Amino acid sequence: MKKLFTNYLSSFKGLSIEVWWLALITLINRAGTMVIPFLSLYLTQNLGFTLKNVGSIMTCFGLGSLIGNWIGGKLTDTFGYYRVMYFSLLFTGIAFICIQYLTEFWSICAGVFLLMIIADAFRPATFVALSAYSKPENKTRSVTLIRLAINLGFSAGPAIGGLIIATFDYSKLFWVDGITCFLAGILLVMMLNPKKAKTQSNIYNNSPISAYRDYRYLTFIGALVLLAFAFVQYFSTMPIFYSNIHNLKESQIGMLLAFNGFVIFSLEMPLIKYLESKNWSKFTNVSIGITLIGSSFLVLNIVSWVGILVIGMALMTLGEMIAFPFSNAIAMESAKKGKQGEYMALYSMAFSVAHVFGHNSGMNAIAILGFTNTWYITSFICLLSILLLLFLHKNKEKW
């Protein structure tokens, strides 16, 4: 046990202090967005909106995220990651506090849309900062540390948010969300000095190319969009499958989701360190991860035994732990030759696109074709993603 713990700690060694501060800022920021998991409840129970209204508002949420990532990339290339991160945190805090005073449908649509534009401009700037503060050999593990911070934030945020709602009301939740954004901004100013960033060729490029003209990278993003379409089903259609087909209660569904977060927190960093020692290509690792995610849907069609849900979640979690850090590392490596903000914005936008279209597509597929056929289709989408990656890896010398 002691050896396992020692090996676990050693997987974190070598990361710069700035990366650790960046992870803490991300943790505070993501834990602070505790209003997001309760948004649908707030809209239906407090404001009396219909489910159709909520669906429209969540579409505005996804569109705002998509545009925010794009704008964030442009601003990062123009003004630098540090200013974009600071002003995104500052104005996100203000937006969270203000949005509680919106009560009409169209005002909330506009408010949520603007909130996500401001909030998700933070993402590409964070990835560029991560590249600036990381040693080349540690970039994949640095990305993994940020992912751990995000997962911890998303785990702690809803728990704290639930307590705030139970003890006070929703208005206090918006205030706490705003204040945590301000705290993250203060920590950024106090602890992250942009002068300590490495001004190497992977940060600045004298002849940068646009990410939107890098067709190899665009093909890679296309593969990620397909992966993301499958992945987001675990946040929309899969809970309905758990409830309607296997009769799981909300608490049991919550335990399955908690299992995902616990495994990621416990095993992702050692797993990434182990895979890096194998010297496999990053494309190979991403393909392995997508294969596991696709398999997590296929196994659900094999038997009706409720235990298969745990196996499916385990496969998805393992695939997520492999596919996302290495795909992020590929994106950061690709950005060496161009405008980093654009490259990292496109990476984040791949998942925003999936949030805009993936949930509705999954719901419609279930309504028309049923769960079994939907899971087959989702697995096939993962296969298409893998084929695109294999094509890119095989023809890398031609691009």
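Me: In which helix is Glu 320 found?
Reply: The model considered here is predicted. In it, a residue can be placed by the helix that holds its position, and for Glu 320 that helix is α14.

Me: Is Glu 320 buried or exposed, and what is its relative accessible area?
Reply: A residue counts as buried when its relative accessible area is under 20%. Glu 320 meets this condition and is therefore buried, with a relative accessible area of 5%.

Me: Which residues does Glu 320 touch, not counting residues up to four places away in sequence?
Reply: Contact requires heavy atoms within 4.5 Å. With residues up to four places away in sequence not counted, Glu 320 touches Arg 147, Phe 231, Asn 260, Ile 264, Glu 268, Ile 293 and Pro 325.

Me: How many of the 27 residues of α14 are buried?
Reply: Helix α14 is largely enclosed by the rest of the structure. This follows because the buried residues, out of 27, number 21.

Me: What distance separates the end C-alpha atoms of α14?
Reply: Helix α14 runs over residues 308-334. At 1.5 Å a residue, its 27 residues should span 39 Å. The distance in the model agrees with this, because the end C-alpha atoms are apart by 38 Å.

Me: How are helices α10 and α13 oriented to each other?
Reply: The axes of α10 (residues 215-231) and α13 (residues 282-298) come within 10 Å and cross at roughly 25°. Angles under 35 degrees count as roughly parallel. The orientation of α10 and α13 to each other is therefore roughly parallel.

Me: Which residues of α10 and α13 make the contact, and what classes do they have?
Reply: The crossing of the two helices, α10 and α13, is left-handed. On the side of α10, the contact is made by Arg 216, Phe 220, Leu 227 and Ala 230, and on the side of α13 by Phe 283, Ile 290, Ile 293 and Phe 297. By class, these residues of the contact of α10 with α13 are seven nonpolar, no polar and one charged.

Me: What is the phi of Asn 279, and is this residue buried or exposed?
Reply: Most residues other than glycine have a negative phi. Asn 279, which is found in the loop between α12 (250-277) and α13, is not a glycine, and yet its phi is positive, at about 60°. With a relative accessibility of 69%, Asn 279 counts as exposed.

Me: Where is Met 85 found, and which residues is it in contact with beyond its neighbours within four places in sequence?
Reply: Met 85 is found in helix α5, and it is buried, with a relative accessible area of 1%. Its C-alpha atom is separated by 7.9 Å from that of Gly 185, although the two residues are 100 residues apart along the chain. Leaving aside neighbours within four places in sequence, Met 85 is in contact with Leu 22, Phe 122, Ala 125, Thr 126, Ala 129 and Leu 188.

Me: How far apart in space are Asn 151 and Phe 262, C-alpha to C-alpha?
Reply: Asn 151 has its place in helix α8 (residues 139-167) and is buried, with a relative accessible area of 16%. In sequence, Asn 151 and Phe 262 are 111 residues apart, whereas in space the distance from C-alpha to C-alpha is 9.1 Å.

Me: How many helices and strands does the protein chain have?
Reply: Of the 399 residues of the protein chain, 53% count as buried. As for its elements, the protein chain has zero strands, and its helices number 15.

Conventions. Residues numbered from 1 in each chain as written. Predicted model: local features only at pLDDT ≥ 70, side-chain atom pairs only at ≥ 80, totals over all residues. Heavy atoms only, no water. Expected span 1.5 Å × (residues − 1). Buried < 20%, exposed > 50% of the residue type's maximum accessible area, 1.4 Å probe, protein only. Axes fitted to C-alpha atoms, helices over the stretch in contact; angles between N-to-C directions. Parallel < 35°, antiparallel > 145°, perpendicular 65-115°, else oblique. Left-handed = near helix turned anticlockwise from the far one by under 90°. Nonpolar A, V, L, I, M, F, W, Y, C, P; charged D, E, K, R; others polar.
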